[in-house]
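Here's an informal tour of one chain, starting with a single spot and working out to the whole fold. Have the viewer open while you read.

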Amino acid sequence: METSGRVAVITGGASGIGRGMARAFADAGMKLMLADLDEAMLAQTIAELTGRGVEVAGQSCDVAQLDQVEALAAATLNRFGAVHVLCNNAGIGIPTPTANIRLDDWRWIIDVDLWGPIYGVKTFLPIMEEQGEGHINTTASLAGLIGGGFMGAYNVAKHGAVALMTTLERDLRGRKSPVRASVLCPGPINTDISRHSVTYRPSKATPRSNSTSEGKAGANVQAMLDKGMDPDEVGRLVLDGIQRDTFWLMTHPSFSKVLTRQLDALVADGSLTKA
Ligand SMILES: NC(=O)c1ccc[n+]([C@@H]2O[C@H](COP(=O)([O-])OP(=O)(O)OC[C@H]3O[C@@H](n4cnc5c(N)ncnc54)[C@H](O)[C@@H]3O)[C@@H](O)[C@H]2O)c1
């Protein structure tokens, strides 16, 4: 779709990949509504973009709360009179072996990483369809395609996010909707997601029997992300995908070999290969 002059809503837009999208979309002449839980980071990102002459507004929003997502849509229409692009990008994740994941962590991760995008689609799709134009992108993950170990709740939420978007795209095409859908499946990206997730985690104050192994796993994940792709590059990739109506947005296409091995093993003998 044409992006210049259009309005984009980006959840989790204050930092990391969301901020990378905001910078790329701003360079393409878009108007922006950034939503985030962290008001201080949000104010910083808005100040940076305003300083570059971008038309940008911000809204404090927890994507796990439907009423807050609805308020985000209302604030966007109130400010800009339209919404053409929604990026369901806000997300969190904690590495934990499946057997040890606390129920409140399961709920929190699925609430943010899966219910967040569901609320986004539910709220913004009718607005875009009535408008006659729109694109909804969700940030899933390679974890939405490959169920690696130690990330059970995150894998479940991200597989759900991929399924939400594949189904949505097929449904939209089936009824010739003017709205398009796409899904971003990043590999390792250099952001502070692990540190932010530890801050937001609802059960962080309670003692955990597996806290040492979790702490090590968290540090290992963050060390891997620190060497990951620049989030601004991901933002440019998403902009390009929206402009070209590309459904699958992959930051690390070489990882498709793992997917291929997984499918080959499924067909050959029903086994699960090492992710
Ligand atoms: N960094 C990676 O390697 C990587 C890889 C695959 C997928 N992802 C996904 O990319 C997305 C963005 O993550 P990131 O890596 O840029 O991390 P990040 O922590 O820099 O950005 C996430 C943003 O979401 C916000 N947020 C968290 N919970 C929220 C909530 N309930 N409501 C609203 N905002 C909330 C945070 O404040 C933060 O600004 C996430 O969905 C994540 O799962 C990241």
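Where is Ala-90 found? In this predicted model, Ala-90 sits in the loop that links strand 4 to helix 4 (103–131). And is Ala-90 buried or exposed? Ala-90 has 26 C-beta neighbours inside 10 Å, and the cut-off for burial is 20 or more, so Ala-90 counts as buried. If you skip the neighbours within four places in sequence, the contacts of Ala-90 are Thr-11, Gly-12, Asp-36, Val-63, Val-112 and Gly-116.

One of those contacts, Thr-11, takes us to strand 1, which covers residues 7–11. Strand 1 is mostly covered, with five of its five residues buried. Its side chains split two ways: Val-7, Val-9 and Thr-11 point to one side, Ala-8 and Ile-10 to the other, and all are buried.

Two residues of strand 1 also turn up in pairs that are far apart in sequence. Here they are, with the C-alpha to C-alpha distances.

| Pair | Separation in sequence | C-alpha to C-alpha distance |
|---|---|---|
| Leu-77 and Val-7 | 70 residues | 9.6 Å |
| Ala-90 and Ile-10 | 80 residues | 8.2 Å |

Leu-77, from the top row, belongs to helix 3 (residues 66–80). How many other C-beta atoms lie within 10 Å of Leu-77? There are 15, so Leu-77 counts as partly exposed.

Now for the partners of strand 1. On one hand there's strand 2: the two run parallel and are joined by five bridges. Within that pairing, Val-7 has Lys-31 of strand 2 as its bridge partner. To get from strand 1 to strand 2, the chain passes through helix 1, and this β-α-β crossover is right-handed. On the other hand there's strand 4 (residues 85–88), which pairs with strand 1 in the parallel sense over three bridges. Here Val-9 stands opposite Leu-86. Helix 1 (residues 16–27) packs on the sheet and touches strand 1, strand 2 (31–36), strand 4 and strand 5 (134–139). The direction of helix 1 makes about 170° with that of strand 1.

Step back, and the whole sheet comes into view. Which order do the seven strands take? They form an open sheet in the order 3-2-1-4-5-6-7, with parallel pairing. Strand 3 (56–60) and strand 7 (248–250) are at the edges with a single partner strand each, so one side of each has no neighbour in the sheet. On average, neighbouring strands in this sheet are turned by 15° against each other, ignoring direction.

Finally, the chain as a whole. It has nine helices alongside the seven strands. Its radius of gyration is 18 Å, close to the 19 Å the globule rule gives for 275 residues, so the chain is as compact as a globular protein of that length. The C-alpha trace spans about 50 × 45 × 35 Å along its principal axes. Of the 275 residues, 43% count as buried. As for contacts with a separation of 6 or more, 74% come from residues 24 or more positions apart.

Conventions: Residues are numbered from 1 along each chain as its sequence is written. Helices (H or I, at least four residues) and strands (E, at least two) are DSSP runs, numbered from the N terminus. The radius of gyration is taken over C-alpha atoms; the globule rule is 2.2 Å times the number of residues to the power 0.38. A residue is buried if 20 or more other C-beta atoms lie within 10 Å of its own, exposed if 12 or fewer, and partly exposed in between; C-beta atoms are placed from the backbone. Two residues are in contact if their C-beta atoms, placed from the backbone, lie within 7 Å. Two strands pair if DSSP finds at least two bridges between them. Axes are lines fitted to C-alpha atoms, for helices over the stretch in contact, and angles run from 0 to 180 degrees between N-to-C directions. A crossover is right-handed if, with the strands pointing away from the viewer, the path from the first strand over the helix to the second runs clockwise.
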